[in-house]
Each structure stands twice: as C-alpha cells, then as structure tokens.
Amino acid sequence: MIKGRYDDENLKWIPLLIGLVLLIPFALKGMTFSYKYYIYILNTIGIYIILTVGLDLLSGYAGLISLGHAAFMAIGAYTSAILVDQAGLPFMFSLILSPLIAGCFGFIIGFPALRVSGMYLGLTTMGFGFIIRRLIIALREWTQGSAGLVVSPPNIFGFTIKGDWANYFLVWTLAVLVIIGARRIVKSKIGRAFMAIRDSEQAAEASGINLAKYKMFSFFISGSLAGLSGVLMAHTNHFISTDHFDSMLSIYFIIMVLVGGAGTVYGAVLGTLFIVLLDNLFVPELETLLHTMFSIESGEMESFIFGLVMFLFIIFQPTGLYGMWLKMRIYWKLFPFNPKQRFT
Amino acid sequence: MNQLVINNVTMRFSGVVALSEVSLNVNQGEIFSLIGPNGSGKSTLFNCINGFNRPQEGSISYNDTDLVKSAPHNIIEAGISRTFQNIQNVPFMTVLDNVLLGAHNRIDTQFTLKRWFLPGNREKEEAMALKVMDFLGIVNYESKFMSGQPYGIQKLVEVARALISQPRLILMDEPAAGMNEQETFEIARIIREIREKLSITVLVVEHDMNLVMSISDRIGVLESGEIITIGKPEDVKNHPEVLKAYLGEGFDA
C-alpha cells in the first residue's frame, strides 16, 4: 500500500491554510494605507465562506438545492442578537446556541426534502426564505421589524472584540475550522453517503445508507453553518435588518458555489473569494470607468456581472474554478508532453 | 437452515400484475438463477427482496428476518446486498471510495470520529476495500475516478461494493449484461469464487443462457409474473413450457 495517496490524508494543506490566513492581513498592512477596507472585505469573505461551505455540503455534495440560505443566516443573526442583547446571555454561549437553532430550522425544512427534489426543492427553500423574512418583520417586539436591530460587538471572556482587525481573527479562526471540518466530513463515510444520495439514491439505500437520516443531517449541518455565519455577521457589522438577508443573497450564495465548483470544499472557498472580490473591487471600478468614459450612470452593475459570470461558467467551465485549478495542475505536471485538448 | 424463503408474493402496480403468487426457496450456499423473458418480473422480485417495492401479498424472509417489513437500508444488515442492472455509482468519486460506499454499515460512528482527527485511520478503511478489490482483480483502478472507467470495470465495482458489506446472500441483477465473451467468462468465474471462497449464496438474474446453464445449481423460470418451473439446469433446458415461453408456440424442438 502506498501511504498518503490522497492529498488530504497527509494534512499538509492545513498549516498552509493557517499560514496564509495569518499572513495576509499583515501583508496588506505593509502594502497599502487603506488596508482596513481590505480587511473588512476579507471579513465579509470569511463570513460568507462559512455559509457557502455549508451550502456546498448540502447542494454540492448531497445534491439538495437550496435557494433560501440567507434565511438560515438571518435566523442565526437575529437569534444571537436577541440572546445577547435582550436576554443577556454571553456571546460564547450564543455562538454555539444560535447556529444550533438555525440547524433545527434546517431540520424542519429537511422534511419536504424527503419528498421533493431538484427544482421543486429549490422553490420550497425559496419559499422558506420568504416566510422567515416576513416572520422577522412580524415579530416586531424582538426584532424591531424592518427598522433593523443594533447589535453589540462580540465579547469573549470579558474581552470585547472591536474593529475590523480584531474581527478578522475571530471570523477567520472559525472559517478555517469550518473548512478543515468540512474537508474531514466529506472524506469520511458521511461524505460518501452524501455523494451517493446525489448520484444514485438506489445504490445508497442498497448500501445501507438511511436516506432520510442523511438528508436531514445535511440540512442540519448546512443550516447550522449558515446560522454561524449569521451570528458573525450580526456581531461584526453591529447592525442587521431584513434587507441584509433578501432572496437575492441566497442566489448569490448559489452562484458562489457554482462558480467555485459545486461538490468540492475548496471550490466553495474559491468561488466566495472570487465573487466577493469581483463585487467589491471590480464592479465599482467598472462603474466609474463607464461613468467617466461614456458618462453612463450604471446602477445595479453587480447583478449584470454576476449573471454573466455564472452564465459563462456554466457553459464553459461547469466544474468551476476548482476544476480549472485541477486541470492546470495536470497541465503543468505533464508540461512538455501535454495532450492538445487537455487545457480548456 | 439459512435460506431465503419467498412465499406467495403478489405485486401489483395499479392494475398491472408484475408478480402473482411467486414462491421459491434459495438454500444457503447455492447459486440460484432466475431467468425469463423481458418484463416477466425478475427485477421486480429483486426489488421486493431488497425493499424498494412492497409486495401487496405474501411474505419474504431470510434467516427468520421479515424482509417485507424492513426498510431498504436495513436489508443489508440482514446479510443481503445487491448489484444493479444499470450501473449505479458515484462518477466523481474514486473507484476505491465507490467500493467503500458499500462498507457504510461496517464503519461505525466511533471509527468515523477517529477518522476526523487521526489521519492514519484512512488506511484501515482502504485495507477493507483493497481486500475485496484484490479478490475481483481491480486493485489497479483504486485511485482512478469512476467516471472514465470501462463498462466491465464499472460492473465489477458494483460487485465489489456489494461484497464489501460481507453479505450472506448476494443478489446480482444481470451481471453479464453488455459484456463480451471474455468478460462473461470472467464473471462466471467470479460468481463461482464468490460461492466457493467466500461461501456466499448467489441469486442471479441473467439473460445469457450459456452463463446461467454453466454456473447454476438450480434455475427458476419466470413468465408474466408466474413461476413456470424450478429445477436443475438440464431439466429446465428441456421443459416444454420454458421452450414455449422463450421460443413461442408451435416450435418443434
């Protein structure tokens, strides 16, 4: 037997990932004066990565499409805001409890998933998103309706975490843990069960996989991770309202997973990086460019760009950014002897 | 005695009678073949044993376990695993992982938890799969992706996935469908070895008469959901009703 056949098993990538995450903020600080803005963007990326990795476990691995993931994020965010600021619970406690509550909602939405699949499940989860949004507005007593809620900064064992710099380490510690955890899950029998459910329910059942159990579990874990990202979002942004969690955001999450490469954890990470950077760095530039060159006032460029990016990816690169990376790696491994059509 | 007992099973799909009062026994350690024309209910019978279909009447039991009342994912715990006629696998997983899929119940939660924190445990999983793959002669394919593999290999992976759960009875749905002569010969050898080396009972559905006649201890013939005859290969070969079902009336043998 050959040892360490799979990249994942020797775990070389974990120190690399941690090193990268630790290095980037200091590198940015050394390079630019406006580093705080970039740190803020990185925080957003970290928060979204927690969610998209969870969404990838559900939609990419188990093949259960969800178009309502922003709702789980909202549940996590509002639950934590209410628990910490109104019920007076410590942040650390809420950090564990709120995702679990969001996970329980995932468990509930998992019931229709036992019956419907594909597009119908997408619409069911989308409906769930609408319901949660209305529910948050309706529970005015706790959530202040559509006016939004001011949230206190996270307080860990007496230390208040304030500012983008401190938030970065909180967010990315959790994000790295989530990435590592998700990798470990998908490489174990649970990951195999998820993929079997996606590709062949019959083979899964004949192999002794309880479909209901694993579908529910994937909804639970995905909902919990979305809840966790909601908690972080609430406590690092200090303000949440229902507008933060509209149905468009759910669709952006799906775009992130698809563009990165559905069914791979790194795909979700890369996709989130790509889309958020595109949104925050490229789109404003483009809008200014259009304004100065052609004096076009272009609002809402991001929807246009995202739509185009997703369209192009689905047609030309269905395996996403991660698939592209794998192909590139094979290309350089075989470098002088490449088959011609290999690199597309 | 260890055996599969199918007793008066009737299965209707809203008016269409797929199986009517089918009764047969499969004894421990024998190779039993089910043959019959297309649409005669062979696969339906498999699905009934496997829990995918619930027969309206009759009973199916294996070692005193009532299979009609069991959920499909519990059948494997009774010691029965199966392969599929049209290949069912996970294309974007390696061949080794596809085989390991069948070991789902052999890998307990405690082991999974250890796997999450200790990297070395992967090898224990792999050893399980490699043993079965070695038996079937597909070890060379272990780290390749399932999607690009030749048809014959994909069929063998199906068998490997069924074997890794250490069943007492294996249901094989057309193991030689779409295979060439060489591969069919190989399958025949494998089926015999499954019985002789692993002492697993084999219940096989197959259209290839040469294969069926050469490997089977007993053969059951299904026609329009009814059992015509059950017997030794040579008896079945010359049974008038079997000839009628296969070759049509008026055929003078």
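Which residue is the bridge partner of Leu34(B) in β9(B)? In this predicted model, that position is taken by Gly220(B). The pair belongs to a wider pattern: strand β3 (residues 31-35) and strand β9 (residues 218-223) of chain B run in the parallel sense and are joined over 4 bridges.

Both strands are part of an open sheet of 6 strands in chain B, ordered β6-β7-β8-β3-β9-β10 and with mixed pairing. The edges of this sheet are formed by β6 (80-82) and β10 (226-231) of chain B; each has a single partner strand, so one side of each is left without a neighbour in the sheet. From one strand to the next, the twist averages 15°.

Two helices of chain B lie across this sheet. Helix α1 (residues 42-50) of chain B lies across β3, β6, β7 (169-173), β8 (201-205) and β9 of chain B, and its direction is at about 145° to β7(B). Helix α7 (residues 181-198) of chain B lies across β3, β7 and β8 of chain B, running at about 155° to β8(B). Helix α7 of chain B includes Phe185(B). With 15 other C-beta atoms within 10 Å, Phe185(B) is partly exposed, since a residue counts as buried at 20 or more such atoms and as exposed at 12 or fewer. The C-alpha atoms of Phe185(B) and Ile75(B) are separated by 30 Å, and the two residues lie 110 residues apart along the chain.

In chain A, a helix pair was examined. The axes of helix α2 (residues 35-61) and helix α11 (residues 247-260) of chain A come within 9 Å and cross at roughly 75°. The helices α2(A) and α11(A) are therefore roughly perpendicular to each other. On the α2(A) side, the contact involves Tyr48(A), Leu51(A), Thr52(A), Leu55(A), Asp56(A), Ser59(A) and Gly60(A); these meet Phe253(A), Ile254(A), Met256(A) and Val257(A) in α11(A). Sorted by class, the contact of α2(A) with α11(A) has 7 nonpolar, 3 polar and 1 charged residues.

The two chains also touch one another. At this interface, 24 residues of chain A are in contact with 31 residues of chain B. On the side of chain A that touches chain B, the elements that give two or more residues are α8 (189-199) and α9 (201-206) of chain A. The most is given by α8(A), with 7 residues. By class, this side of chain A has 9 nonpolar, 8 polar and 7 charged residues.

Methods
Residues are numbered from 1 along each chain as its sequence is written. Chains are lettered from A and ligands numbered from 1 in the order in which they are written. This is a predicted model: local features need pLDDT of at least 70, side-chain atom pairs count only at pLDDT 80 or more; totals for chains, interfaces and linings use all residues. Two residues are in contact if their C-beta atoms, placed from the backbone, lie within 7 Å. Ala, Val, Leu, Ile, Met, Phe, Trp, Tyr, Cys and Pro count as nonpolar, Asp, Glu, Lys and Arg as charged, and the others, Gly among them, as polar. Axes are lines fitted to C-alpha atoms, for helices over the stretch in contact, and angles run from 0 to 180 degrees between N-to-C directions. Angles under 35 degrees count as roughly parallel, over 145 as roughly antiparallel, 65 to 115 as roughly perpendicular and the rest as oblique. Two strands pair if DSSP finds at least two bridges between them.
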